[in-house]
Amino acid sequence: MKILAISGSLRPGSANTSLLRAAARIIGEGIELTIYEGLANLPHFNPELDGEVPPISVNNWRKQLRKSDGVIICTPEYAYGMPGVLKNALDWIVSSGELVGKPVAAISASPSEFGGANAHASLVLTLTALAANIVLGASLSVPFVSKKLNNKGELTDPDTAQLLRFVLDALVAAMKVQPDAAERLL
């Protein structure tokens, strides 16, 4: 099984990307978790560019989503919402439907006490519009995230690690019962 992990932050030292790296380390055997690295390469969404031959970076984005059995998105919060670069990436798949029925885990993380709750709500709203299967139990807001990572970006908080395991377990369970991609798109 394959999980595509998407960080809503472009910063190399991002806490959100660090949480996805932690997820990759604790994921069960037989499951491949790949962190998507092309967010910054996607052009600003423009429906006129989304014709028969969309930009190469968009094709790559869609292809990686199609090849995945599940998706995990971890977003920071900027101005009470998810970052524009993440929203832009999701806008590119509105018409193509790669997330229709696909199991998705939604995580937000923030140095604030609220854990990016507004960004989380924004992400869930957008995923709902995309008809993604937002998996029950695969949703998490991580407050005070900077206190839960060491200076190398490694997750050091055992409670957060356990919650992340629960999210991954719920996502994997949903992936095991999902219809294949061809059935989702019918």
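This short talk covers the confidence of one model, the packing of two helices and the setting of one leucine.

What you see above is a predicted model, in which local features need pLDDT of at least 70 and side-chain atom pairs count only at pLDDT 80 or more, while totals for chains, interfaces and linings use all residues. Residues are numbered from 1 along each chain as its sequence is written, and side-chain values use heavy atoms, with hydrogens and water left out.

The chain averages a pLDDT of 93 (the predictor's confidence in each residue, from 0 to 100), and 96% of the residues score at least 70. Among the elements, which are DSSP runs numbered from the N terminus (helices H or I, at least four residues; strands E, at least two), strand E3, residues 70–75, has the highest mean pLDDT, 98, and helix H6, residues 181–184, the lowest, 48. Where pLDDT is low, the predicted coordinates should not be read in detail.

Turning to the packing, helix H1, residues 15–26, meets helix H5, residues 158–177, at an angle of about 70 degrees, with the axes 10 Å apart; the axes are lines fitted to C-alpha atoms over the stretch in contact, and angles run from 0 to 180 degrees between N-to-C directions. H1 is therefore roughly perpendicular to H5 (65 to 115 degrees). The contact, meaning heavy atoms within 4.5 Å, involves Leu 19, Ala 22, Ala 23 and Ile 26 of H1, and Thr 160, Ala 161, Leu 164, Arg 165 and Leu 168 of H5.

Finally, Leu 86 lies in helix H3, residues 84–91, and counts as buried because its relative accessibility is 0% (buried means under 20% relative accessible area, with a 1.4 Å probe and protein chains only). Leaving aside residues up to four places away in sequence, Leu 86 touches Ile 6, Gly 8, Ile 73, Thr 75 and Leu 123.

Methods
Parallel < 35°, antiparallel > 145°, perpendicular 65-115°, else oblique. Buried < 20%, exposed > 50% of the residue type's maximum accessible area, 1.4 Å probe, protein only.
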